[in-house]
Amino acid sequence: MQSVDRHDVEDLLARLRTRFPTERYVDLALSEKMRKRTDTPYQPQVLEQVVARLRAFLEQRLPGPVTVSEVKGLAGGSSKEQFAFRLQWQDRNGVAMDERLVLRMRPAESIVETHGLREFQAIEAVRGVLPVPTLRWIDPDGAELGRPAIIYEFMHGVSKPPFDGAYTPKNHFSQRYRQLIYPQFVEYFAKLGRLDCSAAALPAFDRPQSGSNEGVLAVINWWQRVWVEDSVEAFPLLTLTADWLRRHAPAIDHVSLVHSDFRPGNFLFDPGSADITAFLDWELALLGDRHMDLAYFMSPMFSRVDEESGEELLGGLVTRAQFVEDYERLSGLSVDQARLDYYSVFNSWRGAIISMATAPRIAMGQKSHQDIRVGWIAGTAPISCNEIHRQLRGLQS
């Protein structure tokens, strides 16, 4: 779509809501993105200003003298700007407190535009079930910190194994790391799938009905709206795929909290013990079908070939057959191949929207701090489109 003047934005948003009805907080995030689209290009944040806003924010919430130090930007991630810092303060009893925290901020436009309350509530919902950072504060609209932001505990660990063997651009887990990490990973995956979402406080999420496909259609609307907002030219394959997804949308048999990016690279582990210390990046979480997460983890995008057996390893960790067997045993939930096939198409379609529409849009608009990474994501478009072709041909044969 073409750029939109400010006075036309509200009319456009009204038409998009009618055409693609989706969750309330998804609409809030996407609408805010469109309202700010005509703002000036992204400017790197001045660290002194970040620290000043952060200190003022914390002084409103903590007693005693507050000291913010050792502030530094964190590498990694494609969608949020992050700073690690040290916080020292005194509680009401005069006890000195010393913490390592992370400030996670939304840039001018993100590769995935989401609402901070959803990420905040998703992390809180899985606390005690999966290892996640302790949440401290949220500024959902950026009124105090300048941009919407979350502050949480700094978690130690690495997302990739130490160098071990031949170089590969994918996560390269040696046999030792596979044996240590995989049992933890699949157990946490199973716990996430069977988490009782009805007991969780998730007011920023619309709860889909089990036995209905209305929640699935709402997610399709979410991403089709993103395509209309961000794309610069028509691409029939994505329109035809959206039609296919609507016609074949399955009912949700069990409502799970879906991470939407649950894979190696989005968890931290101790490089010595290989213990998983934290699962990160819950921004795309939704209530829906566990098969969305399962199909995503099974994507060839994240697999590699075992150097000895020649077998494909999902996420560089495990064979497909072993993973399905372990997941069903640990979760008590079935893995349905038809649903896996469906969500494989969905995940490729979503990936194509991100790479062909959002990534070029924010790069051209100079809206992101991650210009190099955004350019790399745009380059993955042929892979996603090829996967859509391959998957749909396989389902029609």
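This report describes the fold, the surface and selected residues of a predicted protein model.

## Overall architecture

The protein chain contains twelve helices and eleven strands. Its radius of gyration is 21 Å, close to the 21 Å that the globule rule gives for 397 residues, so the chain is as compact as a globular protein of that length. Measured out along the principal axes, the C-alpha trace spans about 70 × 55 × 45 Å.

Among contacts in the protein chain with a separation of 6 or more, 73% are made by residues 24 or more positions apart. Of the 397 residues, 54% count as buried.

## Surface, charge and cysteines

The accessible surface of the protein chain amounts to about 17700 Å², and carbon and sulfur atoms contribute 52% of this area. The chain carries 45 positive and 52 negative charges, and the mean positions of these two sets are 2 Å apart.

The structure holds zero disulfides. Two cysteines can be described individually. Cys197 has a relative accessible area of 5% and is therefore buried, the cut-off being under 20%. Cys385 is likewise buried, at a relative accessible area of 9%.

## Helix α4 and the residue that follows

Helix α4 comprises residues 116-126 and is mostly covered, with nine of its eleven residues buried. The buried residues are Gly116, Arg118, Glu119, Phe120, Gln121, Ala122, Ile123, Ala125 and Val126. The list thus includes Arg118 and Glu119 as well as Phe120 and Ile123.

In an α-helix there are 3.6 residues a turn, so residues three or four places apart point the same way. After α4 comes Gly128, which has a positive phi near 90 degrees.

## Helix α10: Ile353 and Ser355

Helix α10 runs over residues 337-364 and includes Ser355. Ile353 lies in this helix too. The relative accessible area of Ile353 is 1%, which means that this residue is buried. For Ser355 the value is 1%, and Ser355 is buried as well.

Beyond residues up to four places away in sequence, Ile353 touches Trp223, Val226, Trp227, Leu238 and Thr358. With residues up to four places away again set aside, the contacts of Ser355 are Pro360, Ile377, Ala378, Thr380, Ala381 and Ser384. Ile353 and the buried Cys385 are 32 residues apart in sequence, and their C-alpha atoms are 9.7 Å apart in space.

## Helix α5: Phe189

Phe189 is part of helix α5, which covers residues 175-194. With a relative accessible area of 2%, Phe189 is buried. Apart from neighbours within four places in sequence, Phe189 is in contact with Phe262, Asp293, Leu294, Phe297, Phe323 and Tyr327.

The position of Phe189 can also be related to that of Leu58. These two residues are 131 positions apart in sequence, and the distance between their C-alpha atoms is 35 Å.

## The loop between β6 and β7

Ser260 lies in the loop between β6 (255-258) and β7 (267-269). Although Ser260 is not a glycine, its phi is positive, at about 80 degrees. Ser260 counts as buried, with a relative accessibility of 2%.

Asn266 is located in the loop between β6 and β7. At 6% relative accessibility, Asn266 is buried. Leaving out residues up to four places away in sequence, Asn266 touches His259, Asp261, Ala278, Phe279, Leu280 and Asp281. Asn266 and Ile138 are 128 residues apart along the chain, with 21 Å between their C-alpha atoms.

## The loop between β8 and β9

Asp281, one of the residues touched by Asn266, lies in the loop between β8 (276-279) and β9 (286-289). Asp281 has a positive phi, near 60 degrees, and is a residue other than glycine. The contact between Asn266 and Asp281 therefore joins a residue of the β6–β7 loop to one of the β8–β9 loop.

Note on methods
Residues numbered from 1 in each chain as written. Predicted model: local features only at pLDDT ≥ 70, side-chain atom pairs only at ≥ 80, totals over all residues. Heavy atoms only, no water. Helix = DSSP H or I, 4+ residues; strand = E, 2+ residues; numbered from the N terminus. Rg over C-alpha atoms; globule rule 2.2 N^0.38 Å. Buried < 20%, exposed > 50% of the residue type's maximum accessible area, 1.4 Å probe, protein only. Contact = heavy atoms within 4.5 Å. Areas by Shrake-Rupley, 256 points an atom, 1.4 Å probe, with all protein chains shown as cover. Lys, Arg positive; Asp, Glu negative; His and termini not counted. Charge placed at Lys NZ, Arg CZ, Asp CG, Glu CD. Disulfide = S-S within 2.5 Å.
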